[in-house]
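Biologist: I am new to reading models like this one. Could you walk me through it, and tell me how each term is defined?

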Amino acid sequence: MASNTLTVRELIAAQGERIKRVKRLDRFAVFFITLGGIGIVASVLGILLFILAEAWPLFRSSQGTATGTVAMVTPDGHVVRPLVLGTDEYQLYAYDVTPEAEVHFFRLEGGKLALTVPFPGLAGAGVTAASRSLTGDFLAAGTADGRVAMAQVRFRPQYDDAQQLKDLEIEVRDRGLIAIDPAGRPVRQLGYSDDGGRKSVAALLADDEIALWHRSEDETEALHTLRTRDGEKITTLDLARPDALAVGTEKGNVYHWEIEPELRLTDVVSVGSSPVTAIEWLLGGTTFLAGNQAGEVSGWFRVRLRDDDADRTLVNAHRFENQGAPVTAITAATRDRSFATLGADGSVVLHHGTSERTLLRLPDAAAGGELLLITPKNDGLLVSQPGGVLARYAISNPHPEITWKSLFGKVWYEGYAAPEYVWQSTGATDDFETKFSLVPLMFGTIKGTLYALLFAIPIAVGGALYTSQFMHPSIRGRIKPTVEIMAALPSVVIGFVAGLWLAPMVERHIVGVILMMVVLPLSGTAGILVWNRLPQALSRRLKPGMELFVLVPMMALGALGALEAGPWVEATVFPPDFKLWLSENLALTYDQRNSLVVGLAMGFAVIPIIFTISEDAFSAVPSSLSAASLALGASRWQTATRVVLPTASPGVFSAVMIGFGRAVGETMIVLMATGNTPVLDWSIFNGMRTLSANIAVEIPEAPYGGTLYRVLFLAGALLFAMTFVVNTIAEVIRQRLRERYRAI
Amino acid sequence: MKLPLSVRRGDPMVWFTGSALGTCLLLIAGLIVIVLTNGLGFFWPSALVELTLKDGSKWLGEQIRRQPIPNPGSPDHLREHRVQLKLGNRDLLGYDFKWIDEKEIASRREPADAFYVERREYGPLLGAPVLLKDGERVLAEGDAVWAALQPLVAKAEHDRAAIEQIEKHEIGEINYRIEQQRLALKRIEYREKQDGVKREAERSAVAAAVAAQEERFRGKQQELDRLLATAATTYVTFRAADGTEKELSTLDIYRIYPANQLGLGGRLAVYAGRIWEFVSADPRESNTEGGIFPAIFGTVMMVIIMSLMAVPFGVLAALYLREYAKQGPLVRIVRIAVNNLAGVPSIVFGVFGLGFFVYFVGGGIDRMFFPEALPTPTYGTGGILWASLTLALLTVPVVIVASEEALAAVPRSMREASIATGATKFQTILHVVLPAAAPGILTGLILAMARGAGEVAPLMITGVVKLAPELPLDGFFPFFHPDRKFMHLGFHIYDVGFQSPNVEAAMPMVYTTTIFLLLIIVALNLTAIVVRNRLRRKYQTSAF
């Protein structure tokens, strides 16, 4: 014994190095596999976190910080009192128009006066009012003797050798001089709009009188006089780019004039009970904002309320958070539909015109602000304060159009008669109002999934029940792999056949296809009649469970018959043809790539999943249960429906859930078999756009980090969450079921 | 009234559920039949018929369809028939297909001198060759043209190969080298900007290299011009059915056959030739003609990279979850979560791949290693590596689940025997457990590959393109270019079928591509199954 132990000891000692190495390797393996395993599982699960992190900035509030002040003082100590403010897109210069008819350019860094240019055409005159167009740096100055001069500021960037921006070359161009009041009264307020071809100038000359000068595309000029009703006192006015004029009065009314094609007063609406103090048109010139003495801010545009309305009506589409003080100025952004309001107490609030979101309230704004400007790149605010102080703020406002309400609620968009759910992410022009409602997409997802399940559940569950309970075992072994072939078919193949073969086929034989849905099960069931009358020689070879050999030919015949009978039924039941009948009697339109096609195709993709899982559930029902039932004299059908089905029903439910999860996320089939129009309509003859197809269509065009990009990530997170929850529920149910079977 | 016994027993209901299964089977059969009949017939050289209509016009083409004319409301509804001809001659007619009502047809015949010509552009040409010229010299006329033309067509193929060799490979190589030098120059400029040191020597080296390549380029260009001058001298004139004539350089003729004179053997030869071209050639005419070789290559390559990534990581995670982690509620939750990840929509993985791999990782690599090329992205845009990684992520849960099941199925007795002989846990896993579980893990790989090869949605946003000029694998260092975009069979189906300008002409291509995609998926499956069976046999005998 002793010597034996010794030998082993000796052996171990001899192999000590090797054993140590092996043990080291083992310890390393524990470390490596544990670390790797946890890392992989964590990173796979981290996908959702990453997607959420990409979507998260949508909901972050905007940031605004004061970045200093510029003293608007000329070198000889004269404090400038600006009538209007402007800046270039790089924020190198700020310019103003002063009562002395001068345009000053101040460097924003350092605050030095860089250039003073006399306002073209107004040498020596006193300026009483000035105006700047929203885009294009068009300036107008009205004088004390009833003249209006127009000019444009041009900035030309200059680059150094390394292609870095060095400076801007400044030019003030003359755009003409008009005598807007022959009587020579001073211009009290001014509105100016110029798009290069057309020009309009509106000048307030008396309490209730506006002179409107307009030059149209064909260079005809006209001068009109506009008056409010009953001498209502005008407080503020603004001109829009497509030539409309909005005028606010002391009684709280807004007058809206359309200038082209002919001048007319279209609407007079009451904005509130207190005097209107500020009016500004948003980017695009369709919506105007009105602020009043009570601090209320509202957005208005004109729209046809009903399709057959002859004219449009001015509607109050948006209401914004109260300023808390009389609104003294409103300024619109030139990149999106944000705007800023200035209160009499100096408060500055940044809003978004479509989402009604209050983006930002500048925390440390000094009282007494007079003029307000959002910089062209939407990254800053300029506020002029008494004493020639120009306060600068940097703002970060990347996704102003997104709120929970704009994603999931109804929003009133320009051109719509009422608030609606709309998805329309891109438009033809820069001033397009983006519409990011996820509701039509979620609706489309649910619609497609429901039609697919409507088709798939009966077939898959019925087929699984038949395969597991009634089919002869010798065929069963071949059926499952066949159905699994169905699962292996790539969805792009199914989608392509659905879109390019099935959709035109269904369109041509729509009645036949509808007939088929009735005829197929009937003809299959009618197989029993053939079965019972089979000649002896044949029926001896066919055992119960081999019904398929009769069924399938019968069904094929039924399908052909339905297709053949289709045109005849169409001609007699739906004269003259189905599509016309549909639009005349049910007011439904027929799209070639519709929900019926998607339902069939996506159903096809989902059937194998539901089939396999529910077949497993049926087969796993302990055979003692069904044997007992059969022994008590129940028929095959009674056993299947009263014993097997109830026992396996949680499994069937989880199969349907997993099928649901697959259909919700299916992309290629929907992409190819629908028209991808985001509509809210349950009609089976219309298409839809689903969350997944929407991502596939739009994300290649979405700029990195932009609002669309992040909204699509949010849609991805939504899909992830939906399928993950559904699958987890299904999985838990299945595990419970497995334990129950073990108990039986 | 008493119902018959069989009804009361529920037999009709049994048949009713049977119909559900029958529908399943009919659907599968229907889909396969549709794809096969539409796809396989495309390459078959069918006869060319010449229809003379009652108005005197003549139309020559392949009859591809015949159907009743719908005319709802009139008594002729679906009584009359019409035929669809594939006419070719897009450059002469402006369209490829024509429907002709049968009652308009005065006579039909199959002219012996009708030839089907596949050419470089405008789709096929259908007509009779009437004149063959070499420069201004007439070589043959009328019926003699065909005999004289055949060697020229064979020579054209040879010439085209030579031209392609120069254009694509040799000049392509020169372009590649010049491009590399251009990038090198950008790198130098970038460094100069960084540290302010002028690098004249490096600059002149680059300039010299570019000059040398440009010299080579001029030489090749002259060689190419010479080749083109000798190759493109012979012209053949065809007369279409309506009498218009079209002159075609023999160099542009890819295939020509007298459609109505071919026997079965000849037809089979054309059929096989077309299939070979389809598999081995590059696409032509915005993907509606030519082959799909780059798409096949891209698909296979992507699946391979994907498997290389998914299998080790999946197995590692499974080993941890099954062998090393303490089994408890937490591991059970993780297991369910991983299982459910397999059910998360593929487009979600695509979104993740775009955000994480392309913009985050790829953008980071660009900023770190390729700052000189910015703003043109190198890795910060879709490419085969990112697409494969995205798919690997998509398939890792499948591999984890399958591997875990395989590991769990290895009998306890085997592990205990190994431990009892003094093996460490890692030795046991490496030498006993993993080999025994290998067939199961391979099954997981099969499932993963089958899923990966058929996925399109996530690829569409991470690197697949409709036409990639270069394969991701080529003869230039470092041979494998993971940043390149690639073509994919599934995306090819989507693109040609739905984004093509001439969908009707492209349809058969889509069906044939579908057949190939299905073939590749089946082939991948079969290979893996064979390997699995072989491994199973090996370990069955060696284990016990």
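Modeller: Happily! Let's begin with two domains: the centres of domain 1 and domain 3 of chain A, taken over C-alpha atoms, are separated by 46 Å. The bounds of such domains come from an automatic or database domain assignment. This is a predicted model, where local features need pLDDT of at least 70, side-chain atom pairs count only at pLDDT 80 or more, and totals for chains, interfaces and linings use all residues. Residues are numbered from 1 along each chain as its sequence is written, while chains are lettered from A and ligands numbered from 1 in the order in which they are written.

Biologist: What makes residues of domain 1 and domain 3 of chain A count as a contact?

Modeller: Two residues are in contact if their C-beta atoms, placed from the backbone, lie within 7 Å. Seven residues from domain 1 of chain A and seven residues from domain 3 of chain A take part. The domain 1 side has six nonpolar, no polar and one charged residues. Here nonpolar means Ala, Val, Leu, Ile, Met, Phe, Trp, Tyr, Cys and Pro, charged means Asp, Glu, Lys and Arg, and polar means the others, Gly among them.

Biologist: Which residues belong to each domain of chain A?

Modeller: Domain 1 covers 2–59, domain 2 covers 64–83 + 125–147 + 180–422, and domain 3 covers 439–743.

Biologist: How do you know how chain A compares with a compact globule?

Modeller: The rule for a globule is 2.2 Å times the number of residues to the power 0.38, with the radius of gyration taken over C-alpha atoms. For 744 residues that would be near 27 Å, but chain A has 37 Å. So by this rule, chain A does not have the radius of a compact globule.

Biologist: Why are E6 and E9 of chain A called edge strands?

Modeller: Two strands pair if DSSP finds at least two bridges between them; strands themselves are DSSP runs (E, at least two residues), numbered from the N terminus. The open sheet has the order E6-E7-E8-E9 in chain A, with antiparallel pairing. Strand E6 (127–132) and strand E9 (165–179) each have a single partner strand, so one side of each is left without a neighbour in the sheet.

Biologist: What makes E8 and E9 of chain A a pair?

Modeller: 13 bridges join strand E8 (residues 147–159) to E9, so the requirement of at least two is met. The two run antiparallel, and A:Arg154 stands opposite A:Glu171 in E9.

Key. Helices (H or I, at least four residues) and strands (E, at least two) are DSSP runs, numbered from the N terminus.
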